[in-house]
Amino acid sequence: MGTLLLTGAAEGLGAALAETFAGAGYDVLGLSRTDRASDRIGRRVERAGGSYTHLVCDLTQPADVTAILRPFADRIDVLIHNAHVLAIKPFAETTASEFEQAWRVACLAQ
């Protein structure tokens with residue numbers, strides 16, 4: 001059917017999105033800062049019928065993103081930006097700086 005580019009490919013929502021799209025006939029390109037979850041996501045995608053390619057890249061480095069995606073650019077049909085910063089604490093204890101960092105990653109990939 002096509003290819004999904006999923007930023008923030010990791011356990012949880014990212015893995016579920018990858019598996020769901022694979023089940024709908026998509027191959028998945030997963031992009032994250034590490035390859036920590038790549039094997040587990042790859043198995044889920046393959047069980048659902050798709051192929052998985054994991055790309056390690058920091059979204060805050062535009063030149064690196066361009067270089068790593070260049071070979072795949074003509075194949076990407078869907079983009080899901082799932083990059084985020086996880087802060088496990090009550091909102092009232094979140095500093096303005098922590099909130100801004102989470103917002104920058106989610107909205108601007110910075």
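Is Ala-22 buried or exposed? Select it and look: Ala-22 is buried, with a relative accessible area of 2%. Keep in mind throughout that this is a predicted model.

**Stop 1: Ala-22 and helix 1**

Stay on Ala-22. It lies in helix 1. Show the residues around it. Leaving aside neighbours within four places in sequence, Ala-22 is in contact with Val-45, Ala-48, Gly-49 and Gly-50. Now add Leu-4. The C-alpha atoms of Ala-22 and Leu-4 are separated by 8.7 Å, although the two residues are 18 apart along the chain.

Widen the selection to residues 13-23, which make up helix 1. This helix lies across strand 1, strand 2 and strand 4. Helix 1 runs at about 175 degrees to strand 1.

**Stop 2: the sheet**

Switch to a cartoon view. Four strands form an open sheet, and their order is 3-2-1-4. The pairing is parallel. Which strands sit at the edges? They are strand 3 (52-56) and strand 4 (78-81), each of which pairs on one side only. Turn the view to see the twist: neighbouring strands are turned by 20 degrees against each other on average, direction ignored.

Next, select residues 2-7 and 26-32, which are strand 1 and strand 2. Six bridges join this parallel pair. Two positions are worth labelling. Thr-3 has Asp-27 as its bridge partner in strand 2. Thr-7 stands opposite Leu-31 in strand 2.

Now bring in residues 38-47, helix 2. This helix packs on the sheet and touches strand 2 and strand 3. Its direction makes about 155 degrees with that of strand 3.

**Stop 3: inside strand 1**

Hide everything except strand 1, then show side chains. In a regular strand the side chains alternate between the two faces of the sheet. Here, Gly-2, Leu-4 and Leu-6 are on one side. Thr-3, Leu-5 and Thr-7 are on the other. Both faces are covered. How many of the six residues of strand 1 are buried? Six of the six are, so the strand is largely enclosed by the rest of the structure.

**Stop 4: His-54 and its polar contacts**

Select His-54 in strand 3. His-54 is buried, with a relative accessible area of 19%. That value counts as buried because the cut-off is under 20%.

Look for two side-chain polar contacts here. One joins His-54 to Ser-32 at 3.1 Å. The other joins His-54 to Tyr-52 at 2.7 Å. Then expand to the wider surroundings. Beyond four places in sequence, His-54 is in contact with Ala-9, Gly-30, Ser-32, Thr-34, Asp-35 and Ser-38.

**Stop 5: across to Ser-32**

Follow the 3.1 Å contact from His-54 to Ser-32. Ser-32 lies in strand 2. This serine is buried too, at a relative accessible area of 11%. What lies 2.5 Å from a polar atom of its side chain? The backbone oxygen of Thr-34 does.

Show the neighbours of Ser-32. Not counting residues up to four places away in sequence, Ser-32 touches Ala-9, His-54, Leu-55, Val-56 and Cys-57. Ala-9 also appears among the contacts of His-54.

**Stop 6: the cysteines**

Cys-57 was one of the residues touched by Ser-32, so select it now. Cys-57 is buried, with a relative accessible area of 6%. Add Cys-107, which counts as partly exposed at 48% relative accessibility.

A disulfide is a covalent bond between the sulfur atoms of two cysteines. A search of the whole structure finds zero disulfides. For Cys-57, the nearest cysteine sulfur is that of Cys-107, and it is 19 Å away. The cut-off for a disulfide is 2.5 Å between sulfur atoms.

**Stop 7: the aromatic pairs**

Finish with the rings. The whole structure holds two aromatic pairs. Select Phe-21 and Tyr-26 for one of them. Their centres are 5.2 Å apart, with 70 degrees between the planes, an edge-to-face arrangement. Tyr-26 counts as buried at 15% relative accessibility.

Now go to Phe-91 and Phe-99. Their ring centres are 6.1 Å apart and their planes stand at 85 degrees, so this pair is edge-to-face. Phe-91 is exposed, with a relative accessible area of 65%. Phe-99 counts as partly exposed, at 46%.

Terms used:
Residues numbered from 1 in each chain as written. Predicted model: local features only at pLDDT ≥ 70, side-chain atom pairs only at ≥ 80, totals over all residues. Heavy atoms only, no water. Buried < 20%, exposed > 50% of the residue type's maximum accessible area, 1.4 Å probe, protein only. Pairing = 2+ DSSP bridges. Helix = DSSP H or I, 4+ residues; strand = E, 2+ residues; numbered from the N terminus. Axes fitted to C-alpha atoms, helices over the stretch in contact; angles between N-to-C directions. Contact = heavy atoms within 4.5 Å. Polar contact = N/O pair within 3.5 Å; in protein donor to acceptor, adjacent residues only side chain to side chain. Phe/Tyr/Trp six-rings, centres within 6.5 Å; stacked < 30°, edge-to-face > 60°.
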